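Me: I'd like to learn how to read a fold from its coordinates, one feature at a time. Can you walk me through this one?

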Amino acid sequence: MGSICHENKRNVVSQSIQNKIVSRIYGKLRGWVFTPNHFLDLGSRSAVGNSLSQLTAAGTIRRLAFGLYDYPQKHPKLGLLSPKPDTVAQAISEKGDTRLQPSGAYAVNLLGLSQQVPAKIVYLTDGAEKNVTVGNQQIQLRRTTPKNMATAGRPSGLVIQALRYLKKDGVTDDHIATLKRILPDADRERLWKDRIYAPAWMHPLFKKLKPTS
C-alpha cells in the first residue's frame, strides 16, 4: 500500500513539473530553442529530461540534437520550419550574459553581400566553444579575443567580420555600394568610430562608407 502511495505521489510531482515546463514553453511562443538547463529551477535533471522526452514523443516540442529542443514554428504550406541560427546559438551558449558575434560567410550573408547561406555557421563568443548540427547546418561557437568581441551586437561588428572573411582583395565596389544602401548613416558613422577594432586595411573602406554630411 505504501509503495503504491509513493508511486502515485511521484507521478503527481512529475506531472506538476511537466505542466510547469509546458507553461514556460508556451509563454516563450513558437520558435524558441532551449536545453534542459532552462528548466532546472522546476525540478531535477532527470525529471526535466523525462518531461522533455514525453513532450517530444507527443509532438509538442521537437528534438533538434542531443540536449537541444525547440517549440517549432509552423507554416501553413511548408509545415514545421527550421529554427533560426541565432536562436540556436543563443540556446547552446546557455548563459544569457555570453555575447555572440556572427562571423565568416554567415556575416557576409546577413549583410546581403552574398545570397548563399553557408552550411557551417560560425559565431565568435566570449563564452565556451561548442558545436552542434541541426538538420543540414553546423553551428559553431568559437571563442575569440576581447578585441573581436568589442563590437559584438553592433552593425559595425557584423561589417568587420564580413570584410575579414572576404579579405582585402575580395571586397568589391558592389559590396561597398550594398553597405552604403543598407546601413543607415548612424551605423556608418559608428563603423568609422569602431575602426580601431578593425585591421588597418579596412580603414580606407570605412572612410568610403562614412556619411558625407
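**Reading the sheet, the cores and the loops**

Reply: Sure, and keep in mind that this is a predicted model. Let's start with the sheet: three strands form an open sheet in the order S1-S3-S2, and the pairing is antiparallel.

Me: Which strands stand at the edges of the sheet?

Reply: S1 (33-34) and S2 (62-65) do. Each has a single partner strand, so one side of each is left without a neighbour in the sheet.

Me: How should I read the pairing itself?

Reply: The general idea is that strands of a sheet pair through backbone hydrogen bonds, either parallel or antiparallel. Here, S1 and S3 (residues 68-70) run antiparallel and are joined by two bridges, while three bridges join S2 to S3, again antiparallel.

Me: What is the bridge partner of Phe34 in S3, and what is that of Arg63?

Reply: Phe34 has Tyr69 as its bridge partner. For Arg63, the partner in S3 is Tyr69 too.

Me: How many residues lie between S2 and S3 in their hairpin?

Reply: Two. Check the turn as well: Gly67 sits there with a positive phi of about 70°.

Me: What about positive phi outside glycine?

Reply: As a rule, most residues other than glycine have a negative phi. That makes exceptions worth a look. Leu29 has a phi near 75°, and its place is the loop between H1 (2-28) and S1. Lys167 is another non-glycine residue with a positive phi, about 70°, and it lies in the loop between H6 and H7.

Me: Are those two buried or exposed?

Reply: Leu29 counts as exposed because its relative accessibility is 55%, with the cut-off for exposed being over 50%. Lys167 counts as exposed as well, at 54%. For contrast, take Asp185 in helix H8: its relative accessible area is 44%, so it is partly exposed.

Me: Now the helices. How do H6 and H8 pack?

Reply: For a helix pair, look at angle, distance and handedness. H6 (residues 155-166) and H8 (residues 185-193) pack at about 65°, with 9 Å between their axes, and their crossing is right-handed.

Me: Which residues of H6 and H8 meet?

Reply: On the H6 side you have Pro155, Ser156, Val159 and Ile160, and they meet Asp187, Arg190 and Leu191 of H8. Sorted by class, this contact has four nonpolar, one polar and two charged residues.

Me: And how do I read a nonpolar core?

Reply: In soluble globular proteins, nonpolar side chains tend to be buried together. The largest nonpolar core in this model has 21 residues, and those touching the most other members are Leu111, Leu113, Val159, Leu163, Leu179 and Phe206. H4 (104-110), H6, H7 (173-182), H8 and H9 (203-209) each supply at least two residues of this core.

Me: Which helix gives the most to this core?

Reply: H6 does, with six residues.

Me: What does Leu111 touch, leaving out residues up to four places away in sequence?

Reply: Leu111 touches Leu158, Val159, Ala162, Thr178, Leu179 and Ile182. Apart from that largest core lies another one, of 16 residues, including Val33, Tyr106, Tyr123 and Val134.

Me: One last thing: how far apart are the C-alpha atoms of Asp185 and Tyr26?

Reply: They are separated by 39 Å, with the two residues 159 apart along the chain.

How values were computed. Residues numbered from 1 in each chain as written. Predicted model: local features only at pLDDT ≥ 70, side-chain atom pairs only at ≥ 80, totals over all residues. Heavy atoms only, no water. Axes fitted to C-alpha atoms, helices over the stretch in contact; angles between N-to-C directions. Helix = DSSP H or I, 4+ residues; strand = E, 2+ residues; numbered from the N terminus. Left-handed = near helix turned anticlockwise from the far one by under 90°. Contact = heavy atoms within 4.5 Å. Nonpolar A, V, L, I, M, F, W, Y, C, P; charged D, E, K, R; others polar. Pairing = 2+ DSSP bridges. Core = buried A, V, L, I, M, F, W, Y, C linked by side-chain atoms within 4.5 Å. Buried < 20%, exposed > 50% of the residue type's maximum accessible area, 1.4 Å probe, protein only.
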